[in-house]
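Visitor: Could you take me in for a close look at one part of this model? I'd like to hear about side chains, charges and rings, with the numbers attached.

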Amino acid sequence: MFNKLKKLFMDKQDQETDDKYILVPESEINENLKRDIVMLEEVGEAYCKSLQHKYRNKFEREDKQNLKIWMCRDIDGDQLPNLSSEQCLEKEYRSQVAINFDGFTDEEDAYVHYIQLWYYLGGYFKGAGTLYDLSKNHLEADIEEKLEELLNQL
């Protein structure tokens, strides 16, 4: 399933090279896609842990304390306590890699930056999803790029 979608989008000549997402029509949202989303989120969680460890000291040297990089999930904006990738096929489900550190905001659940991995927009009649395209992008490099941007600003 994911390979079919990847091929469909890779064959388009007019697609921008910096497009990081695959548009998934509602008719293609199924258990095979769920498996790919779960895998993508697991990869994202692993990168969050390793990059938080790698960048913690760099941020502290710039007086940006308590770097936190985590997998953030919500349904229609509500971050439910037991929400996991198993609910990824529910409409309005969104998963993203979130980045925050002290001093940016007073809101506990706010974050400086995020990289969206999956979003299932449920329209009134038809929905669609957007999926981070691992076939053309390197998630770890994208997260590191955002971390370097944050180190060099604010």
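Guide: Sure, let's start with a charge and a ring: the charged end of Arg94 sits over the ring of Tyr119, 5.9 Å from its centre. Keep in mind that this is a predicted model. A second arrangement of this kind involves Lys68, whose charged end sits over the ring of Trp70, 4.4 Å from the ring centre.

Arg94 also leads us to another arginine, since it's among the residues in contact with Arg73. You'll find Arg73 in strand β2, which covers residues 68–75. Arg73 has 14% relative accessibility, so it counts as buried, the cut-off being under 20%. Its side chain makes polar contacts with two glutamate side chains: Glu41 at 2.7 Å and Glu45 at 3.0 Å. Leaving aside neighbours within four places in sequence, Arg73 also has Asp78, Gln79, Leu83, Ser84, Ser85, Tyr93 and Ser95 among its contacts.

Back to rings, then. Searching the whole structure turns up 3 aromatic pairs. One of them is Tyr21 with Tyr132: the ring centres are 6.0 Å apart and the planes meet at 80°, so this pair is edge-to-face. It ties together distant parts of the chain, with Tyr21 in strand β1 (residues 21–25) and Tyr132 in strand β5 (residues 128–132), 111 residues apart. As for accessibility, Tyr21 is partly exposed at 25% relative accessible area, whereas Tyr132 is buried at 1%.

Notes. Residues numbered from 1 in each chain as written. Predicted model: local features only at pLDDT ≥ 70, side-chain atom pairs only at ≥ 80, totals over all residues. Heavy atoms only, no water. Helix = DSSP H or I, 4+ residues; strand = E, 2+ residues; numbered from the N terminus. Buried < 20%, exposed > 50% of the residue type's maximum accessible area, 1.4 Å probe, protein only. Polar contact = N/O pair within 3.5 Å; in protein donor to acceptor, adjacent residues only side chain to side chain. Contact = heavy atoms within 4.5 Å. Phe/Tyr/Trp six-rings, centres within 6.5 Å; stacked < 30°, edge-to-face > 60°. Lys NZ or Arg CZ within 6 Å of the ring centre and 35° of its normal.
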